[in-house]
Amino acid sequence: MGTKAAPVADIGLEELMADPFAVYKELHSLGRVVWFPAIDRYCVTRHDDVIELEKNTEQFSVADLTSPTVRALGESILSKDGDSHRRERASCEPALRPKVVVDDWAPVFQRNTDAIIDTFAARGSAELDQDFGSKIASRNIADMLGFRGVSEEAMLRWSRAIVGGCGNYARDGEVFAACDVARREIDEAIAEVADDLRRTPDASIISAMVQAEGDLSIEEMGRNASVIIGGGINEPNHAISTEVLGLLSNPGQLAEVLEDDSEQVWKRAFEETMRWIAPLGITLRKTLHAGEFAGVHLDEGVNLAGLLAGANRDGERYEDADKFIVNRPAKPHLGFGSGSHLCLGMWVARVSVGQIAVPTLFRRLPNLRLTEPVSMVGDAWTNWMFRGLSHLEVTWDVA
Amino acid sequence: MSDAVPVTFVLADGERREVEAKIGESVMLAARAGDVPGIVATCGGAAMCATCHVYVAEPYAAGLPAVEPDEDGLLGFTMAERKVNSRLSCQVVVTAALSGVEIHVPDVQV
């Protein structure tokens, strides 16, 4: 079996923007590795190949010093491999391990969730992104970092500035400037709490970083916090509205979930949400040397995209892959990626969204329903790379 | 002394897989090198995902270094039941003392 050149996808960027899952399917049908000129990358389309792409650190690297992510955040854990990645990432991990998340943070998440629902419960309707998802994710992440005095509005502004900077392929100077302002303010917020946490540690992420061995610099802590604020708000927010949409669009399944109302059934509903519409669509890599991968030849230094969201709809792996099916046979998915860059917030998301935010919404808002039908494509959806609803109107009964 | 020892993985359906496990590497990597199904190891060995859960047969389990706090915390989040001989295979290092060990793979990891 010899290696050959990758097939080429004659698909426009506007098609990807309009209906990413249709494009992922087309790319999948073209081959395992497909050159996609519209995004200037080789796309890895199959589930097992994406896992190999993330696992094989001899052949593939996340380091791409030309990417806007590096301009926006400096060399953060997102763009480092090997020991320095390991060291910086490990400094945050104590606050993000499941036992700490459940024992220390779940009560905080529950309190935050109830307090935010209190602000709109009597109204009978809400727009979930603005009224709930972005607020709850902002509050939870602020508390987890140890930023007690920082408002949800500031967190959201920082998050948007960072996400904007990381995706600023057009290299718009104002977008990077807004990101720089956010990073400076984040550094200031860390400096405000760092000394206290050095003396009196708690379960927070900043506390874990100031207590970590090998003294992280304020720059390293600031970069880590920026990565967490960038990824820790958009994506849980999107997961919340996607899960609510999945359940409300499938009344039979919703009735079963609500009847059961167990930790296990909510776990399945959340994992299926992450499989169905992964909040992060792709994972980026660069080849470290020329070689063969999944049957095609790749030159040194070429860019790849592992299609996380597409691989989660791989029809060879999942039956009725496009459908939201809570009780499908449990199989690992790529909603959190895999390998050494596996989502740092995976357990936080599982608990704060999967066990708390979404179940509490359904428990507290009787007869929760969509205010109007929602199309699976179109303006209600954000861009293809960070997939989620930017707008979801819901209604419920008030006594 | 050889630099690898024989390890037998017993799958949930009873199938046995013999693997030569390299001394000094984790049991998870030995399973991966031997294409043993049922050990998912999503995080690649950072003790963050709890998907490389195994049961180490006695008397070998009792002879292993004690479970560290990070592994202990994660073992509360495995899908298959935690037993007294439960370990995360990414945290168990292969030594000469493990020669001939049976390692049972649970039926679920996620």
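This is a short tour of cysteines and salt bridges in a predicted model.

**Stop 1: the cysteines**

Begin with the sulfur atoms. A search for disulfides across all chains returns zero.

Select A:C43 and look for its closest cysteine sulfur. That sulfur belongs to A:C166 and lies 20 Å away, so the gap is too far for a bond. A:C43 is also buried, at a relative accessible area of 1%.

Now select C43 in the other chain. How far from B:C43 is the nearest cysteine sulfur? It sits in B:C49, 3.8 Å away, and B:C43 is in no disulfide. A disulfide needs the two sulfur atoms within 2.5 Å, so this pair does not count as one. B:C43 is buried too, with 6% relative accessibility.

**Stop 2: a salt bridge across the sequence**

Turn to charged side chains. Side chains of opposite charge can pair when their charged atoms come close. Over all chains, the structure holds 35 salt bridges.

Select A:R285 and A:E54. Their side chains form a salt bridge, with an N to O distance of 3.8 Å. Which elements does this pair join? A:R285 is in strand 5 of chain A, residues 282–287. A:E54 is in helix 3 of chain A, residues 47–55. The two parts are 231 residues apart in sequence, so the bridge ties together distant stretches of the chain. Color by accessibility here: both A:R285 and A:E54 are buried.

**Stop 3: a salt bridge within one helix**

Move to helix 13 of chain A, residues 263–276. Select A:E272 and A:R275. They form a salt bridge, and their closest N and O atoms are 2.9 Å apart. The two residues are three apart in the helix, which means about one helical turn separates them. Are these residues buried or exposed? Both A:E272 and A:R275 are buried.

**Stop 4: a partly exposed pair**

Next, select A:D320 and A:K323. This is another salt bridge, with 4.0 Å between the closest N and O atoms. Check the accessibility of each partner. A:D320 is partly exposed, at 44% relative accessibility. A:K323 is partly exposed as well, at 48%.

**Stop 5: a network**

Finish with a group selection: A:R86, A:R89, A:E93, A:R97 and B:D70. What links these residues? They belong to a network of salt bridges, with B:D70 as the member from chain B. Show the side chains of both chains together to see this network.

Terms used: Residues numbered from 1 in each chain as written. Chains lettered and ligands numbered in written order. Predicted model: local features only at pLDDT ≥ 70, side-chain atom pairs only at ≥ 80, totals over all residues. Heavy atoms only, no water. Buried < 20%, exposed > 50% of the residue type's maximum accessible area, 1.4 Å probe, protein only. Helix = DSSP H or I, 4+ residues; strand = E, 2+ residues; numbered from the N terminus.
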